[in-house]
Every structure is written in C-alpha cells, then in structure tokens.
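Student: I would like a close look at a single part of this model, followed outward to the elements that surround it and then to other packed regions of the chain. Please take it slowly and keep the reasoning connected.

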Amino acid sequence: MSQTSIAAVEQFISRWKASGASERANYQLFLTELCELLGVEKPQPATDKVHEATYTFERPVVFDDGEGKTSTNFIDLYKKDCFVLEAKQGSDKASITEAELLGAEREKKKTGTATRDTRTWEREMKKAKEQALRYARSLPTTEGWPPFLAVVDVGYCIDLYADFARQGKTYVPFPDPQNYRITLDELHREEVRERLRLLFAEPLELDPSRRAARVTRALAERLAKLAASLEQAGHTPEQVSGFLMRCLFTMFAEDVQLLPDSSFTKLLQDYRHNIAYFPHALQALWQSMDKGGFDPALRTVIPQFNGYLFKEPEALPITEAQLDLLILAAEADWADVEPAIFGTLLERALQPRERHKLGAHYTPRAYVERLVMPTVIEPLREEWEAARTASAILEDAGNEVGARKEIEAFHRRLCSVRVLDPACGSGNFLYVTLEHLKRLEGEVTEYLDHFPRQLGLDMTGGYTVTPAQLLGLEVNPRAAAIADVVLWIGYLQWHFRAHGSATRLSNPILREYGNIKQQDAVLSYSDREPRLDANGQPVTRWDGHSTKPHPVTGQEVPDETARTITYDYLDPKPATWPEADFIVGNPPFVGNKRMREALGDGYTEALRKVYKGAVPESADFVMYWWYKAAEILATDKTERFGFITTNSITQSFNRRVLQAFMEAKEPISITYAIPDHPWVDSGDGAQVRIAMTAAEKGIQVGRLNLSVQEKDTGELGREVILIEKIGKIHSDIKVGANVADVKALKATENMSSRGVIPHGAGLIVTLEEAAELGLGSIVGIEKHIRNYWNGKDFTTRPRGLMVIDLLGLSIDEVRSQYPELYQHVLLNVKPHRDENKRAAIRDKWWIFAEPRKTIRKALNGLDRYIATPQTAKHRIFQFLDMDVLPDDKLIAIALDDAYFLGVLQSKIHVVYSLATGSRLGVGNDSVYDKSRCFDTFPSLPPPKRSRSK
C-alpha cells in the first residue's frame with residue numbers, strides 16, 4: 001500500500017470514528033466518502049424517475065401488506081444486481097469523565113440506534129437486516145434479487161449477508177458467521193477493502209464457488225491425466241482410484257494444517273531422485289495417518305485419521321513424470337477446492353469411460369441450493385428465528401438462564417437433524433446441506449457467545465453438526481466412496497475457515513459413521529442370476545454406455561459389440577431407507593421408454609412388478625423415488641422432502657404419482673416448486689430441463705417459482721431470474737384454477753389420438769423405394785403405402801417419406817397379393833421385430849406396433865382431419881389429407897369442419913391447452929396431451945349450414 005493510500009485510510013477511519021449517533025444526518029456522506037476511498041462509482045443523483053433508479057440513495061419501494069394496503073418506503077442505498085443497504089448509527093459505551101467522578105452532572109449524549117456491542121444493539125442490527133430483506137422483496141421482479149444485503153453502523157461497522165443463488169429467501173452471513181462484520185479498523189487490510197470494492201462493482205466475483213470452480217476443474221484435469229497414465233502402466237482402475245483419493249486427501253490435510261504446512265509436498269519433492277523407494281515412504285506415511293503418532297518421514301507427531309481411507313495404504317510405483325504431476329497437484333491450495341463440484345469432477349477423472357467428459361458442464365452450486373434451501377434449510381431457519389424470539393422475550397424479562405436454554409435447545413435439535421439423499425452420487429447435495437447446517441450452527445454459537453459466563457460450545461467432545469447427520473444411498477460403489485471423502489473435505493474445510501485450522505477436532509479425524517451406504521435405493525432383492533435363452537446361453541444387451549463414432553456422421557452412437565449380461569432379480573421388494581428428518585436429492589434421469597435399455601429387462605420388470613398399482617409402468621424412473629419419499633412423508637416418518645425430476649413430471653403419466661398422494665384422505669402438499677429450470681446431467685454434462693418439487697404433509701399453501709429470464713454466465717451455468725406466486729400448487733405444478741382435475745367429455749370420446757408407431761425402420765421408405773415396391777403400378781397398393789408425416793414434417797418442409805401400412809392383412813395375404821412388399825418387410829422388418837420382448841410386436845411383425853385402430857374408425861369417411869404436433873414451441877393446427885398417416889408425434893383429431901379448426905386455433909383454446917398440457921425438453925416446449933387438452937375442452941357445435949371450407 002502506498003503512503004498516500006495509508007494516509008487516506010487513516011484519515012477516513014479517524015474522521016468517521018468521531019461521528020455522532022445520527023444515521024439520517026451522516027450515512028449518505030459516509031457512504032459517498034467510502035466509495036471515494038474504494039475507488040468505485042458514487043451513487044447517482046436522484047431524478048424524476050425514482051422508481052427506475054438503479055444506483056441511488058433513498059430508492060422508493062412499495063410495501064404490500066397482502067390485504068390490499070400499500071405504503072411507500074425508502075432504501076437507504078440501492079445498487080441493482082449488487083445490494084440493498086440499510087444504515088444505522090449507534091454510539092460507543094460512554095466513559096465516565098474526571099469531572100463526573102468528582103460529582104459533576106453527567107452530560108447527556110445521543111445514543112442513536114443503541115449502545116454498541118450490547119444485546120440491544122445486536123438485536124437492532126438484526127432488525128435492520130430484516131428491514132433490508134423486506135426492501136429487497138419489494139423491488140420489481142424484473143430487477144431480480146440482489147446478491148447482497150448490507151447493514152451499516154455509520155462510523156463503526158458494515159455487516160454483509162449473501163445469497164448467491166439469488167432466491168431471496170436465505171441471506172447468510174458472508175463470508176461466514178465469524179467474519180461477516182467488517183469494523184472500521186479492518187479497512188487497513190487490503191483484502192477487506194477489495195471485498196468492499198467488489199461489493200460495489202462486481203459482487204458475484206465474491207461468490208467463493210467461482211474461484212473454487214476454476215481451481216477444482218484444474219485439479220481434476222491433473223488427476224485425470226495421472227489416472228490415465230497409471231492405468232496405462234497396468235494398474236486397475238480400482239487401485240488407481242484408491243491411490244489417488246489417498247493422495248488428494250493428504251494434500252488437503254496439509255493445506256488445512258492437519259499435517260505440517262507443505263510437509264507432504266516436500267516429501268514428494270524429496271523423492272524425485274530416489275523414486276524407487278517412493279511407494280515405501282508413502283505407504284509408511286499412510287500407515288502413520290491411520291494410527292496417529294510420530295511419523296519418521298514428516299519428523300513430527302500427526303493426528304490419527306483412521307476412517308476407511310487409510311486402512312488399505314497401498315502406494316503405487318510411479319515414474320518421475322507421474323511424480324511431477326502429483327507435485328503440481330500438491331502445490332495447489334486444496335483448502336480452496338469446491339466440494340460441491342469436486343465430487344462430480346473426481347468421479348469423471350477416476351472413471352476411464354467418463355474421463356473424456358471432464359470438460360463438460362457440471363451442476364452449479366447455485367442450482368443445488370435452489371432445492372436444498374426450501375427443503376431443508378428454510379424450515380430450520382424458521383425454527384431458529386422462533387428460538388431467538390423466545391430467547392429475547394425471556395432475556396427482557398430477566399430470565400437469562402431460560403433465554404440461554406432456548407438457544408441451546410435449538411442447537412441440540414440442529415445437531416440431531418438427519419438429512420437423507422437416496423441418490424447421492426458423489427455427494428454434492430449432501431455437502432451443500434452440510435455447509436449450510438454449519439453456517440447456521442455458526443450463527444448459534446455467535447449468539448451464545450454474547451451470554452455472560454458462556455464458555456462456548458465444545459467442538460471436540462460436545463455436540464456439533466457432523467457428517468454423521470448426512471445420510472446417502474448410492475448404487476455405484478466408486479461414487480459412494482467419493483461422496484464420503486467429499487463430506488469430510490467439506491467438514492474439515494469449514495473448520496479451517498471458521499477457526500483458522502482444523503486442529504481443534506479430536507482423534508480420529510475421519511470416522512466411520514457408515515452414513516453413506518452403497519445400495520439400490522428403490523429395489524431390494526436376495527440375489528440375481530443370468531437370464532438364459534432357449535439354448536441355455538446368457539442373454540446379453542448393450543452395456544448402456546459404450547459408444548463408437550458413426551462411420552458416416554462421426555457422432556457417438558451405441559457400440560453394439562459392448563455387451564453385458566441381462567439378469568433376473570430374485571425375491572424383489574421395495575428398498576428400505578434409513579430414517580431421516582428431511583429427504584433431498586437428484587435421482588437419475590431415465591425416461592420410461594429408456595428404462596429397459598439403461599437398466600436391463602430383468603431389473604425393469606422386477607421394479608415394475610414390485611411397485612405395480614402404485615407407480616404406473618409409463619412413469620419415469622425418478623418417480624419411484626418420489627413415490628417412496630411421499631409414502632414416508634404420509635406416514636409421518638419425515639418432515640419434508642424435495643427432488644429434482646425431469647420437467648416431464650407435469651405430464652399425465654408422471655402426474656398420477658403426485659395426484660395419488662395429494663388427493664389421499666391424509667394428503668400431502670407441494671410447498672415449493674419450479675416447473676422448469678435449466679440443469680446439467682451429472683452423468684454426461686448434458687444441458688437438460690428439470691423441475692423441482694418439495695412437499696410437506698397436510699393441506700398447505702405453496703411457493704411456485706417461474707423462470708422469467710435466463711442469462712448465460714459461462715462457468716457457473718445460466719443465471720435464472722425467478723418470479724414467485726403464492727397459492728395451492730396442484731399436481732400439474734401450477735397455481736390458480738385446478739385444471740389438473742378437469743374431466744374428459746363424452747362428446748370428445750375417441751375423437752383424437754396420437755399417430756401410429758411403426759416400430760421398424762424398414763417400414764419407412766422413400767418415394768423411389770415405394771415406386772420399386774409397386775406404388776403406381778400395382779392396383780390397391782396405394783392403400784398400404786401411404787404418405788407419412790411426423791412433427792417436423794408438419795412444422796417445416798415434409799421429408800417426402802412414406803410408410804408401409806399393412807393393418808387388416810394377414811401375412812399370407814401380403815405374400816399372395818403384394819410379393820415385393822412381403823419380401824421387403826421379411827428382410828427389413830422381421831429381424832428387428834424378432835428381438836422384441838413384447839409378444840404382440842414380435843408375432844405380428846408386419847403390423848405397426850401401435851396401429852391406432854380407434855382413431856382410424858373415427859376418421860373413416862372423412863377426406864381430411866385436423867392435426868397438431870404433440871410437442872411444439874408454438875401451438876398450431878391445420879388440416880391434413882386422409883392420404884397422410886400421422887406418426888406418434890402428431891395428434892390426429894377426427895374433425896373436418898373448418899369451424900372446429902378455428903375453435904382449436906383460437907386464443908382461448910391455445911391458452912387452455914398450455915394450461916392443461918405440460919412442458920418438455922431443453923426448449924421447454926409445450927406438450928399437447930390430447931386426453932388433457934382436447935378431450936376436456938368444451939366447444940359449441942358448428943352453425944347449421946354446410947361444412948365450412
């Protein structure tokens with residue numbers, strides 16, 4: 001720092017320390033001079049457009065009391081996309097002057113907000129934070145939630161609270177409960193001034209997950225290179241995974257001072273020229289870490305780490321080049337790693353077939369928080385507010401013992417809460433939950449510190465929030481092991497940041513709580529055995545993940561030579577879950593049509609058999625988790641649950657699972673939901689659209705958040721601006737009129753249907769192929785080779801394809817009447833159908849899998865009909881000639897009068913179909929569910945006249 005800047009800081013501090021207890025007179029000048037000191041833009045002068053001001057003092061906002069009454073209030077200082085600031089000014093505790101000691105009358109002085117560093121002052125500062133939150137809630141939705149709330153005691157301190165998820169529900173002390181208050185004297189520190197500068201200029205850069213994300217990705221890439229190199233040397237992926245996890249945890253241990261600073265890095269460097277003995281040295285170190293005590297290599301006593309990680313201390317022999325990669329990784333600051341994404345990246349780095357996905361997107365922390373907060377943290381924070389209020393009442397009444405007991409009782413509750421993620425993967429949901437529990441615990445300990453004679457909570461032998469409270473189920477053993485490591489890294493990292501080191505923890509550092517279990521979360525079985533074919537050979541299928549480049553397009557396609565055995569599952573039952581107060585997670589995204597391919601026939605059949613009558617066979621895989629959690633909630637064995645699902649949860653085949661519980665005698669309610677939100681599939685990094693739902697027991701009012709704007713922020717995914725609606729959330733994840741309960745009308749029965757499903761590429765032919773098969777030359781064949789349209793043909797230029805439609809003919813009739821056609825389907829359709837599991841599709845191999853006989857009857861006698869794409873960005877209807885056969889992605893409606901075309905294309909029907917239908921895919925396109933959108937829609941009969949054109 002230059003002499004000039006030192007002088008400027010000193011002058012600012014001394015000038016404002018002397019200011020009096022009057023925030024209205026002082027705060028604007030204080031903040032203006034603070035901006036000058038920090039070198040940031042000063043607030044703008046007020047204009048006649050005060051309600052549109054984005055950086056100004058006294059920004060007006062309108063408060064709504066919810067009962068029709070409004071009032072205008074003013075934000076002390078507001079900067080859009082940065083902060084809402086509320087100013088106060090307290091006073092220092094008055095000292096007794098010499099004159100007063102000699103009996104002179106005490107001089108009366110203004111105390112302002114309150115006398116600083118008293119319980120009353122602390123309460124006033126917290127009230128100011130709540131006032132700032134009210135202001136933030138009253139801002140126009142288009143401006144979004146600011147990432148920060150700031151409370152200033154002019155001339156004394158600045159308190160910072162952050163919500164980087166920008167949901168507006170939970171602003172937590174920033175950077176943590178021990179360091180969120182910046183006193184005036186701390187402005188001497190350059191890093192503090194930089195924190196405040198970013199608050200005014202680039203507040204999102206203060207989000208620790210941004211820097212941590214960059215550090216974490218770089219570390220994962222180095223580990224991936226090392227893992228690949230070790231595997232090429234002949235070590236198994238399991239050996240490499242265990243070795244590298246022990247290495248990375250040892251690197252982390254030295255950076256949080258559980259091992260002497262840089263000791264492991266120096267050990268690595270020392271063996272550069274003695275590499276043959278490196279595995280022996282490393283194995284000896286890990287044996288010492290397992291048992292604790294004096295370690296000869298580090299020449300010091302080290303704590304006992306224990307746990308499962310160092311029970312098998314195998315160290316692999318490595319080359320000098322591999323050692324250099326290890327040293328590069330060790331030289332990074334592992335204290336800055338972001339556990340919320342590290343697990344995903346580490347899993348990719350250590351898994352050979354996933355390694356190429358390291359550069360793919362990962363789920364940003366803010367997305368995870370968007371579900372964790374309303375499901376787990378917000379209910380606990382409501383309890384915390386209640387405990388603080390009760391404590392304050394008792395303290396004001398002079399009952400200090402009772403006041404302290406209220407806080408201690410909440411802390412015991414906090415330390416007993418159990419949170420389950422029944423599809424925990426590499427642990428990102430559990431880690432984010434753990435961190436927020438520790439943040440809340442930090443606020444509790446800070447509150448207790450203000451009680452006289454309070455010795456503080458014993459963080460070694462007493463009760464505290466630990467990883468034991470975070471329970472996980474994960475079918476992948478590698479991911480389960482990573483989840484356990486991620487939780488411990490997050491836990492130790494928190495202690496390091498809160499206390500300057502993690503050394504306050506007692507031995508053993510790592511404990512085998514058994515809280516992460518490797519098991520299937522929805523299906524339990526006694527054993528499994530290979531399924532055998534007619535020749536007694538094991539039935540195989542594509543392994544579900546191996547791919548190869550397509551010879552023409554170069555795109556990755558399934559490698560049909562990569563096979564895995566199909567198993568039958570013996571004595572299948574629903575899986576059991578450990579008891580938990582809250583359930584939250586992100587179950588796998590597998591649509592109902594992909595379940596057999598992804599999970600295998602045997603597993604899919606066993607699962608559907610076990611949940612028959614409870615979960616429809618047409619439901620997506622994730623709905624089995626939703627069903628189990630809802631079942632547990634309905635029996636009062638958990639308080640709340642929340643899941644990420646695909647946004648197809650709003651479609652009727654998934655919605656039935658929700659409806660069954662929401663309409664039960666003792667119903668559950670969705671209390672928080674986002675029906676459509678961007679997401680990143682942790683498996684392949686693909687961008688997808690998801691829904692979030694959280695549920696409680698009873699009839700409850702819910703909060704529905706709707707995405708109104710999305711902005712790409714690069715590394716951390718898309719920033720999503722949400723608006724909130726309050727009301728009863730129905731099973732279609734909407735509030736307002738309950739269109740989810742509308743009933744089908746008799747008048748529309750059997751008048752509409754999805755189009756046909758041929759099931760076999762050989763049934764689809766080009767115009768040239770159709771001519772070769774006899775179209776135009778063989779009489780009657782035009783009834784069986786027809787124009788064929790899908791949704792894309794409907795909305796853009798038709799592809800010019802035709803389909804072979806043999807409904808109504810036996811295979812003998814096809815052979816005798818149309819021999820060329822018979823030969824074509826025999827060679828191009830039958831081999832594909834012979835492998836199908838459904839007997840009807842396999843045996844009637846020349847007929848469509850779904851010929852839609854009912855709608856054919858309704859269309860009989862018409863020369864045109866109305867159609868619309870099932871999924872489309874814009875809802876459009878038009879006539880199709882009867883010679884066009886629609887495919888499964890078109891909805892056919894058996895009406896030929898233009899009057900009805902006008903009704904269906906009318907604004908009222910389009911709006912109705914958007915309300916009763918659902919959304920799907922990355923584009924969040926509307927889905928026209930004919931049973932919801934058409935069958936339930938009443939329309940007037942056409943006028944009595946001839947058919948409209």
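In which helix does Ala330 lie?

Tutor: This is a predicted model, and every statement that follows should be read in that light. Ala330 lies in helix α10. Its relative accessible area is 3%, and since buried means under 20%, Ala330 is therefore counted as buried. Leaving aside the neighbours within four places in sequence, the residues in contact with Ala330 are Met251, Glu254, Thr265 and Leu268. One of these, Leu268, is 62 residues away from Ala330 in sequence, while the C-alpha atoms of the two are 8.6 Å apart in space.

Two of those contact partners lead to helix α8, which covers residues 263–270 and in which Thr265 and Leu268 are buried, along with Ser263, Phe264 and Leu267. The buried residues of α8 pack against α10 (320–331), and also against α7 (237–255) and α9 (278–291). The contacts that Ala330 makes with Thr265 and Leu268 can thus be read alongside the packing of α8 against α10.

A buried element of another kind is strand β11, residues 470–474, where 5 of the 5 residues are buried. Both of its faces are covered, with Leu470, Gly472 and Glu474 on one side and Leu471 and Leu473 on the other. Strand β10 (residues 419–421) is joined to β11 by 3 bridges, and the two run parallel; in this pairing Val419 has Leu470 as its bridge partner. Strand β12 (residues 516–518) is likewise parallel to β11 and is joined to it by 3 bridges, with Leu473 standing opposite Lys517 of β12.

Returning to helices, α18 offers a case in which length, burial and packing can be taken together. Its 13 residues should span 18 Å at 1.5 Å a residue, and the C-alpha atoms at its ends are 19 Å apart, which agrees. Because 11 of these 13 residues are buried, α18 is largely enclosed by the rest of the structure. The buried set includes Met623, Trp626, Tyr627 and Ala630, and these four residues also take part in the contact with helix α19. Helix α18 (residues 622–634) and helix α19 (residues 652–662) pack at an angle of about 0°, with their axes 10 Å apart. Angles under 35 degrees count as roughly parallel, and the two helices are therefore described as roughly parallel to each other. On the α18 side the contact also involves Glu631 and Ala634, while α19 contributes Asn654, Val657, Leu658 and Phe661. By class, this contact has 8 nonpolar, 1 polar and 1 charged residues. Following α18 in the chain is Asp636, whose phi is positive, near 60°.

Further along the chain, strand β25 (residues 702–712) has partners of both orientations. With strand β23 (residues 668–680) it is joined by 2 bridges and runs parallel, Tyr672 having Arg703 of β25 as its bridge partner. With strand β26 (residues 718–727), β25 is joined by 10 bridges and runs antiparallel, and here the bridge partner of Gly702 is Gly727.

A sheet and a pair of helices complete the picture. The sheet is open and has 4 strands in the order β27-β35-β31-β33, with antiparallel pairing. Its edge strands, each pairing on one side only, are β27 (752–754) and β33 (878–881), and the twist from one strand to the next averages 35°. Strand β31 (residues 864–869) and strand β35 (residues 890–893) pair in the antiparallel sense over 4 bridges, with Ala867 having Ala892 of β35 as its bridge partner. Across β31, β33 and β35 lies helix α27 (residues 898–905), which runs at about 15° to β31. Helix α27 in turn packs with helix α28 (residues 907–916) at an angle of about 55°, their axes being 4 Å apart; that angle makes α27 oblique to α28. Val903, Leu904 and Gln905 of α27 make this contact with Lys907, His909 and Val910 of α28. By class, the residues in this contact are 3 nonpolar, 2 polar and 1 charged.

Terms used: Residues numbered from 1 in each chain as written. Predicted model: local features only at pLDDT ≥ 70, side-chain atom pairs only at ≥ 80, totals over all residues. Heavy atoms only, no water. Axes fitted to C-alpha atoms, helices over the stretch in contact; angles between N-to-C directions. Parallel < 35°, antiparallel > 145°, perpendicular 65-115°, else oblique. Contact = heavy atoms within 4.5 Å. Nonpolar A, V, L, I, M, F, W, Y, C, P; charged D, E, K, R; others polar. Buried < 20%, exposed > 50% of the residue type's maximum accessible area, 1.4 Å probe, protein only. Pairing = 2+ DSSP bridges. Expected span 1.5 Å × (residues − 1).
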